[in-house]
Amino acid sequence: MYVKNRMTTNPYTIAFDAPITEVIELMREKNLKRVPVVHGDRVVGMLTHGDIQKVSPTKATTLSIYELNYLLAKTKVSDAMSKDVITISPDALLEEAAVLMRDNKISTLAVVEKSKLVGIITESDIFDSFIDLLGFRDSGSRITVQAKDVPGVLADIAEIFSDLDSNITHVGIYRGSGGYSDVVIRTNAINTDEIEKRLTEHGYRIENVIRNED
């Protein structure tokens with residue numbers, strides 16, 4: 001799956017030379033956690049609530065509300081934004097986006113194509129794609145089996161499901177130790193008794209079965 005399949009297109013943005021009060025109002029009105037900062041079509045920064053707090057007077061200030069508003073109105077977005085923006089292409093893999101976020105300890109990437117901002121992708125988008133990848137919200141059953149980490153295992157498991165006319169909708173593999181892995185199989189079948197029996201007969205240990213009939 002690609003970044004373009006999960007990113008938010010045409011995100012709200014703010015100009016780098018706009019007053020900080022303008023982006024505060026935008027974030028409050030649209031319930032935004034972060035806003036890309038642009039100069040024309042080019043992304044030049046990222047602004048978060050934390051960035052705004054760094055340039056805002058503390059609660060212990062003795063300034064009046066009028067003085068506070070005056071100071072904030074004088075502060076530009078460029079004074080508060082994070083300038084080291086990490087970007088990614090819309091044609092990049094989601095795994096690449098996840099690694100970039102993890103390695104750089106950030107929660108948002110600006111998606112750029114031909115030097116133009118075309119979207120943003122967040123850690124929540126990555127989480128949602130992971131949930132969908134394993135089909136956790138889908139109706140059916142989730143069967144986890146322990147299997148030897150050798151060639152042909154997935155083909156053998158798939159044949160068992162095929163023989164029982166049960167469709168495999170999602171598969172995930174968690175590599176373990178000692179030459180074994182956990183294979184997570186999502187099927188549309190609710191009654192999995194025969195599937196579990198056949199898997200056991202083929203030498204697979206059933207670790208867990210979760211059913212979702214919604």
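## Helix 7 and what packs on it

Start with helix 7, residues 123-133: its buried residues are Asp125, Ile126 and Ser129. They span an arc of only 100 degrees around the axis, so they end up on the same side of helix 7. That fits the usual geometry. An α-helix runs at 3.6 residues a turn, so residues three or four places apart point the same way.

What lies over those residues? The cover on the buried residues of helix 7 includes helix 1 (3-6), strand 1 (8-9), helix 6 (94-104) and strand 7 (116-122). Just past the helix comes Gly135, with a positive phi near 65 degrees.

## How far to trust the model

Keep in mind that this is a predicted model. The mean pLDDT over the chain is 89, and 91% of the residues score at least 70.

Which elements mark the two ends of the confidence range? Helix 4 (residues 65-74) has the lowest mean pLDDT of the chain's elements, at 62, while strand 5 (residues 87-88) has the highest, at 96. Where pLDDT is low, the predicted coordinates should not be read in detail.

## Salt bridges across the chain

How many salt bridges does the structure hold? The count is 8. One of them joins the side chains of Asp132 and Arg6, with an N to O distance of 2.6 Å. This pair ties together distant parts of the chain, since Asp132 belongs to helix 7 and Arg6 to helix 1, 126 residues apart. Asp132 is partly exposed, at 35% relative accessible area, and Arg6 is also in the partly exposed class, at 21%.

Another salt bridge pairs Arg175 with Asp149, and here the closest N and O atoms are 3.5 Å apart. Again, distant parts of the chain are linked: Arg175 is in strand 9 (residues 168-175), Asp149 is in the loop between strand 8 (140-148) and helix 8 (153-163), and 26 residues separate them. Arg175 counts as exposed, with 68% relative accessibility, whereas Asp149 is partly exposed at 39%.

## Helix 9, inside and out

Helix 9 has a salt bridge of its own, between the side chains of Glu194 and Arg198 (3.9 Å, N to O). The two sit 4 residues apart in helix 9 (residues 193-201), so about one helical turn separates them. Glu194 is partly exposed at 40% relative accessible area, and Arg198 is partly exposed at 23%.

Which residues of helix 9 are buried? They are Ile195, Glu196 and Leu199. Their arc around the axis is only 95 degrees, which puts them on the same side of helix 9. Asp193 and Glu201 are exposed on the other side of the helix. The elements covering the buried residues of helix 9 include strand 8, helix 8 and strand 11 (205-212). After the helix comes Gly203, whose phi is positive, near 90 degrees.

## A buried valine in strand 4

Val43 is part of strand 4 (residues 42-48). Is Val43 buried or exposed? Its relative accessibility is 13%, so Val43 counts as buried.

Leaving aside residues up to four places away in sequence, Val43 touches Pro36, Val37, Val38, Val85, Thr87, Ala110, Val112 and Leu117. For a sense of the fold around this strand, take Lys83: the C-alpha atoms of Val43 and Lys83 are separated by 9.5 Å, although the two residues are 40 residues apart along the chain.

## Loops with a positive phi

Two loop residues deserve a look for their backbone angles. Asn31 is not a glycine, yet it has a positive phi of about 55 degrees. Asn31 sits in the loop between helix 2 (20-30) and strand 3 (34-39), and it is exposed at 68% relative accessibility.

Lys114 is not a glycine either, and its phi is positive, about 55 degrees. Where is Lys114 found? This lysine is in the loop between strand 6 (108-113) and strand 7. Lys114 is exposed, with a relative accessible area of 82%.

## Rings

As for aromatic pairs, the structure holds 0. A ring does turn up in a contact with a charge, though: the charged end of Lys4 sits over the ring of Tyr2, 5.6 Å from its centre.

Conventions:
Residues are numbered from 1 along each chain as its sequence is written. This is a predicted model: local features need pLDDT of at least 70, side-chain atom pairs count only at pLDDT 80 or more; totals for chains, interfaces and linings use all residues. Side-chain values use heavy atoms; hydrogens and water are left out. Rings of Phe, Tyr and Trp (its six-membered ring) pair if their centres lie within 6.5 Å; planes under 30 degrees apart count as stacked, over 60 as edge-to-face and the rest as tilted. A charge sits over a ring if NZ of Lys or CZ of Arg is within 6 Å of the ring centre and within 35 degrees of the ring normal. Buried means under 20% relative accessible area, exposed over 50%, partly exposed in between (1.4 Å probe, protein chains only). The arc is that of the directions from the helix axis to the C-beta atoms. Contact means heavy atoms within 4.5 Å. A salt bridge is a side-chain nitrogen of Lys or Arg within 4 Å of a carboxyl oxygen of Asp or Glu. pLDDT is the predictor's confidence in each residue, from 0 to 100.
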